Amino acid sequence: MGHLSANPMGPNPSGERPLGGESGSKGHRWLWIVALAVLIAVGFWYFRGSRSSTEAQGPGGGAGKGQGRQGAGAGGFVVPVVVASAQRGDLPVYFNGLGTVTAFNTVTVRSRVDGQITKINFQEGQFVHQGQDLVDIDSRPFQVQLEQAEGQLAKDQAQLRDVQVNYERFQLLYKEGVIPKQQVDTQGAQVGQFEGSIKGDQGAIDSAKLQIVYSHVTAPISGRVGLRLVDVGNIVHATDSTGLLVITQLQPIAVIFSLPQDQLPQVASRLQRGEQLVVDAYDRDDSTKIESGKLLTIDNQIDTTTGTYKLKSVFSNDRNTLFPNQFVNVHLLADVKRNLVIVPAPAIQRGPQGTYVYVVQSGSTAKIQSVTIAQSTADKVGLSAGVNPGDSVVVDGQDKLQDGSKISPNPSTAPAPNANGAQQPASQQGNTHSDAGGRRRTQAPQADSSTGKSQ
C-alpha cells in the first residue's frame, strides 16, 4: 500500500505543482504574444503599402490628384495636354431649325376635254419646259364640230347678204312711197338676226378650235414630271379628280422651317430693313452642307401649340440636290459678332471663380486666366476679354491641371478657328481627350457639362 501512495501520478501532499508544468504554460503564453505582434506588424505594413499605392495611382489606376493637380507643381511631374492658338476674327450667329423642302410650284395636270388618250410624249422623271407637249387626246370629234360650225357660218353669211340686199331695196321703195315703213323695219330686223347668227357661228368655231388645242396637253410650268397616272388608250374626262400627271418646280425650290418665337424680333427687324439673310441647308445628320439660299419671308402668325413661327427660304438648286418633302437642317445666319478672340469651345472651363481658360506661359506652365464670353457656337467661343490673339490655350487635359502646373503641350489636330468664324456642322464637332496613357480619343461635346466645354 505504501508503494501505491508514493505514485508520481497521485496527489502531492505538499500542494506544490511540479516545476515542469509551470515552465510549459509560460512558454505557450510567449508564443501567442510573439505571433500577435507579427500579425500586427504585417497588417500595418500591408495597409500602409496599399494606401501609398492608391494615392500614387489615383482613381482608375492613372495619375491621381497627388500627381496631377498637386504633384504636377510640387513634385515636378509634367502633364501632357493638347493646346490650340487663339485667333482674332468674326463669329457668326446662327439660328438652327428643322425644315422641309417644298416645291416652289406644284401642278397637277388634268384634261380639259373628254376623249381617249392617243399618245404620251414624256417619260417619268423627265424635266420638261413650259409649253412642252405632254399628252395627246383624240381631237377628231372636235375637228368635226369645227367643220359643222364653219358650214353653219357660211350658210348664215349667205342669208345675211340676201336680207341686206332686200333691206336696201325696201328703203328705196319706201322713199318712193310704194311700201309702208313697217315693212322696211321688219327687213332691217332680219339683217340684225343674221348678223347675230354669224357671231354665234364664229363662237362655235372658236370653241371647236379651243377644244382641239386642249386635246394637246402641254406643261404649264417648267419642272420635273412624276409618275404618270394614266396610260395610252384610257378615256379621260374634264371632271376627273386624279389628273394625268404631276409637275414639281425644282429650280428654284423652297424650304419651310420653324424657329422659336424669341428669335422672331431679330430676324423680322433685319427683313424690314431690306437685308438678305443667308440660309444654309444641311443634310439630315447636320454634317454636310447641301445648298445655300436666302430668306424669303416670315409667316403672319405664331403657332400657339409649339411657340414657334414659320419661315420660307428659297434656293436656286442648280445641282438638283434638294428634293420636295426632304427633311433638312436649316442654319439661318442672323448676325455676325465682329473683332472677337476666338478659341475652341473645349478650352472654356467653369469654376467657383467663374469662366476661365488655361493659358500656356513661357516655361511650359499653365496659368488660370479669367475670360469674358461674348458669343459662343457649338465648336467655337468668342471672347471679349481675358485672352489675346496668338495665346495658346489648353483644350484637353484640364482635369489634371492647377495654376502653375508643368505641362507638355501638344498641338491640336482639330482645325483652328478661322478668321471669318465659319461654323462647323454639329455632327462633325468633337472634343479631343487624352487618357492616362497619353492616347487620344474623341468625344462629342456635352451640353452644359461641369467643365463648360460647350456653349
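1. Let's start with helix α5 in this predicted model. Which of its residues are buried? They are Val184, Gln187, Val191, Phe194, Ile198, Asp201, Ile205, Ala208, Gln211 and Ile212. Try following these names along the helix in the viewer. An α-helix has 3.6 residues a turn, so residues three or four places apart point the same way. Among the elements that cover the buried residues of α5 are α4 and β7 (216-218).

2. How far apart are the end C-alpha atoms of α5? They are 50 Å apart, and this agrees with the expected span, because 34 residues at 1.5 Å a residue should also give 50 Å.

3. Helix α5 (181-214) also takes part in the largest nonpolar core, as one of the elements giving two or more residues to it. The others are β4 (115-120), β6 (133-137), α4 (140-176) and β10 (245-248). This core has 30 residues, and those touching the most other members are Ile117, Phe122, Leu134, Val135, Leu244, Leu245 and Ile247.

4. Ile247 is a good residue to click on next. Leaving out residues up to four places away in sequence, Ile247 touches Asn105, Thr106, Val107, Val109, Val128, Leu134, Ala219, Pro220, Ile221, Gly223, Arg224 and Val225. Apart from the core of Ile247 lies another one, with 24 residues, including Phe257, Ile290, Leu295 and Val328.

5. Now turn to Ser313, in strand β14 (residues 308-315). Is Ser313 buried or exposed? Its relative accessibility is 0%, so Ser313 counts as buried. Not counting residues up to four places away in sequence, Ser313 touches Ile253, Ala254, Val255, Phe257, Val279, Lys294, Leu295 and Leu296. Two of these names, Phe257 and Leu295, belong to the 24-residue core.

6. Another serine to look at is Ser364, which sits in the loop between β17 (354-361) and β18 (365-370). Ser364 counts as partly exposed because its relative accessibility is 30%, and that class runs between 20% and 50%.

7. Which residues does Ser364 contact, once neighbours within four places in sequence are set aside? They are Ser405, Lys406, Ile407 and Pro409. There is also a C-alpha distance to check here: Ser364 and Gly404 are 9.2 Å apart in space, with their positions 40 residues apart in sequence.

8. Finally, have a look at the surface. Val34, Val38 and Val42 make a nonpolar patch of about 250 Å². Val34 belongs to helix α2, which covers residues 19-57.

How values were computed: Residues are numbered from 1 along each chain as its sequence is written. This is a predicted model: local features need pLDDT of at least 70, side-chain atom pairs count only at pLDDT 80 or more; totals for chains, interfaces and linings use all residues. Side-chain values use heavy atoms; hydrogens and water are left out. Patches are made of residues with over 30% relative accessible area and no salt bridge: like charges are joined within 9 Å, nonpolar side chains (Val, Leu, Ile, Met, Phe, Trp, Tyr) within 5 Å. Accessible areas come from the Shrake-Rupley method with a 1.4 Å probe; for residues, only the protein chains shown count as cover. A salt bridge is a side-chain nitrogen of Lys or Arg within 4 Å of a carboxyl oxygen of Asp or Glu. Helices (H or I, at least four residues) and strands (E, at least two) are DSSP runs, numbered from the N terminus. A nonpolar core is a set of buried Ala, Val, Leu, Ile, Met, Phe, Trp, Tyr and Cys residues joined through side-chain atoms within 4.5 Å. Buried means under 20% relative accessible area, exposed over 50%, partly exposed in between (1.4 Å probe, protein chains only). Contact means heavy atoms within 4.5 Å. The expected span of a helix is 1.5 Å times one less than its number of residues.
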